[in-house]
Amino acid sequence: MTLIRQQDFVQSIADALQFIANYHPQDFIQAMSKAYEREQSPAAKDAIAQILVNSRMCAENNRPICQDTGIVNIFLKVGMQVQWQTDQSLEDMVNEGVRQAYQHPDNVLRASIVADPIGSRTNTGDNTPAVIYTELVPGDKIKIDIAAKGGGSENKAKFTILNPSDSLVDWVLETVPKMGAGWCPPGMLGIGIGGTAEKAMLMAKQSLMEDIDIQDLLERGPQTATEKLRVELYEKVNQLGIGAQGLGGLTTVLDIKIKDYPTHAASLPVAMIPNCAATRHVHFTLDGSGPATFTPPSLTDWPEITWQAAENTRHINLDTITHDEIKQWQPGDTLLLTGHFLTGRDAAHKKIADLLERGESLPEGLDFHNRFIYYVGPVDPVKNEIVGPAGPTTATRMDKFTETMLAKTGLLGMIGKAERGEQTVDLIKKYQSTYLIAVGGAAYLVSKAIKSSRLVAFEELGMEAVREFYVENMPVTVAVDSRGSSVHQTGPQEWQQKIAGIPIKTITT
């Protein structure tokens, strides 16, 4: 009989979440390094370099890889011979561990969870509750798998029930391009096949906890039907040319993971969930001897990569920018931004739109005229930081507010991540605006360009409040120019054609 103490369990959960917030798994570092080495698209190679440099910086400074520190997913396998020393429920102990992790004073993690999801959507303040799955299994130990899942990738989850005779490969290849780049490729695709609707989704999520090993599989050759399907999908998804951040390139996925389960003869449930460049998971066992310990990767695990702006990068002064200057930009141009801009995400946009619809004025001091807005919800700063990790959020969520912002506030341009919708691209053209992207997965690197921050409006929104940042040499790429041309259209199209002429062995080895 094993005795598991409440304090050991709670501390293990808290320490695990702090650990995965700051350290990529070694297999991810290795897979991204190989993707960097073989990438031939300059834009994609630059994005991967930023992600790897950001990853190493976070490891060195014990800070979050991404500003979105995720919704906590916990899978517990509890041995039936385990005895507990606690006065709390299992759920309460898990959530206490989450609370302690996200409110750690030396490394605050962003609280992203809101209660009353179809009502007030009030932030719980400590990132609780976690999503918990529990199994009772033989034995006298507890096996714990923990992941922190970012919203950008989770929002791209897909599910369908195919006919048994339908092609699963065709569905995946039709679906992945429609997911856009908001899940921050390159990452992993987890696929659950069979069971029921909820079982397929659960298997897809669980598969993302496995190590990246596709290169080993390619080297030895697939043997089972599942392994053959993994290889086929890995090669064909990468041949789509979507590339890092959707800019076009050789690597869209680092691996394909598949779990299956017996299903009804009339059904073929299929779930697909992506994991982003902020891959965060860890696995440990409690045996009653004390809390779990976690060993950081060696800094030698990261490749010797330094990030520098390309020679043809334009230096832009945001405080003097004009429409005429914006008209000179083209999709794919790299820029270094210096000057002031405002921040704002979903909740702030909704407040602004509601005020304008009622004919009311914006809060005093909130003026978007001839300015840019950055879609971001940063991590709180610690020690001498101006702001914590502050990477971009998915811009498509702000599409519904774009015309209001461009037509009624005098907004000049926008900064976020991933593509914009077709109607939004048309609006950018109509108002001769522009849309720029920062690299999703490089939040700490981006934060180093922020030299000052002040609250402007909507303090009650917490991380979603409107702030003014002053930045120096913040790296971005022109995603949509003032003529309505989008790099998320032209980039993948170009690289899909180029990949067609490159032998598969060259791409995958």
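The exercises below work through sheets, aromatic contacts and backbone geometry in a predicted model.

**Exercise 1. Determine the strand order of the sheet that contains E7, and describe how its strands pair.**

Step 1. The sheet is open and has four strands, in the order E6-E2-E7-E12.

Step 2. Take the pairs in turn. E2 and E6 run parallel and are joined by seven bridges; within this pair, Ile 74 has Ile 132 of E6 as its bridge partner. Strand E2 (residues 71-79) pairs with E7 in the antiparallel sense over eight bridges, and Ile 71 stands opposite Lys 149 in E7. E7 and strand E12 (residues 281-286) are also antiparallel, with six bridges; here Ile 144 stands opposite Phe 284 in E12.

Step 3. The pairing in this sheet is therefore mixed.

Step 4. Strand E6 (131-137) and E12 are the edge strands, each pairing on one side only. Ignoring direction, neighbouring strands are turned by 15° against each other on average.

**Exercise 2. Is strand E7 enclosed or open to its surroundings, and which helix lies across it?**

Step 1. E7 covers residues 142-149, eight residues in all, and seven of them are buried. A buried residue has under 20% relative accessible area.

Step 2. The strand is therefore largely enclosed by the rest of the structure.

Step 3. Helix H4 (residues 90-102) lies across E2, E6 and E7, and runs at about 140° to E2.

**Exercise 3. Describe the sheet that contains E9 and the helices that lie across it.**

Step 1. Four strands form this open sheet, in the order E8-E11-E9-E10, with mixed pairing.

Step 2. Its edges are strand E8 (158-162) and strand E10 (253-261), each of which pairs on one side only. From one strand to the next the twist averages 15°.

Step 3. Strand E9 (residues 187-194) and E10 are parallel and share eight bridges. Gly 187 has Val 253 as its bridge partner in E10.

Step 4. Helix H7 (residues 197-207) lies across E8, E9, E10 and strand E11 (268-275), at about 150° to E9. Helix H9 (residues 225-238) lies across E9 and E10, at about 145° to E10.

**Exercise 4. Classify the ring pairs Phe 284 with Phe 294 and Phe 341 with Phe 469, and state which parts of the chain they link.**

Step 1. The structure holds seven aromatic pairs. In one of them, the ring centres of Phe 284 and Phe 294 are 5.3 Å apart and the planes stand at 90°, so the pair is edge-to-face.

Step 2. Phe 284 belongs to strand E12, while Phe 294 lies in the loop between E12 and strand E13 (314-317), so this pair ties together parts ten residues apart in sequence. Both residues are buried.

Step 3. For Phe 341 and Phe 469, the values are 6.1 Å centre to centre and 55° between the planes, which makes the pair tilted. The pair links distant parts of the chain, 128 residues apart: Phe 341 is in strand E14 (residues 334-343) and Phe 469 in strand E19 (residues 466-480).

Step 4. Phe 341 counts as buried at 0% relative accessibility, and Phe 469 is buried with a relative accessible area of 0%.

Step 5. Ring pairs also link Phe 284 and Phe 294 with Phe 19 and Tyr 23 into a cluster.

**Exercise 5. Which charged residues sit over the rings of Tyr 435 and Trp 495?**

Step 1. Over Tyr 435 sits the charged end of Arg 420, 4.8 Å from the ring centre.

Step 2. Over the face of Trp 495 lies Lys 498, at 4.4 Å from the ring centre.

**Exercise 6. Locate the cis peptide bonds at Pro 129 and Pro 186, and the positive phi values at Arg 121 and Phe 458.**

Step 1. Most residues other than glycine have a negative phi, and most peptide bonds are trans.

Step 2. The bond from Thr 128 to Pro 129 is cis, with omega near 0°; Pro 129 lies in the loop between strand E5 (122-123) and E6. The bond from Pro 185 to Pro 186 is cis too, with omega near 5°, and Pro 186 is in the loop between helix H6 (168-178) and E9.

Step 3. Arg 121 has a positive phi of about 50° and is found in the loop between strand E4 (114-115) and E5.

Step 4. Phe 458 has a positive phi near 60° and lies in the loop between strand E18 (450-457) and E19. At 10% relative accessibility, Phe 458 counts as buried.

Conventions:
Residues are numbered from 1 along each chain as its sequence is written. This is a predicted model: local features need pLDDT of at least 70, side-chain atom pairs count only at pLDDT 80 or more; totals for chains, interfaces and linings use all residues. Side-chain values use heavy atoms; hydrogens and water are left out. Buried means under 20% relative accessible area, exposed over 50%, partly exposed in between (1.4 Å probe, protein chains only). Helices (H or I, at least four residues) and strands (E, at least two) are DSSP runs, numbered from the N terminus. Two strands pair if DSSP finds at least two bridges between them. Rings of Phe, Tyr and Trp (its six-membered ring) pair if their centres lie within 6.5 Å; planes under 30 degrees apart count as stacked, over 60 as edge-to-face and the rest as tilted. A charge sits over a ring if NZ of Lys or CZ of Arg is within 6 Å of the ring centre and within 35 degrees of the ring normal. Axes are lines fitted to C-alpha atoms, for helices over the stretch in contact, and angles run from 0 to 180 degrees between N-to-C directions. Contact means heavy atoms within 4.5 Å.
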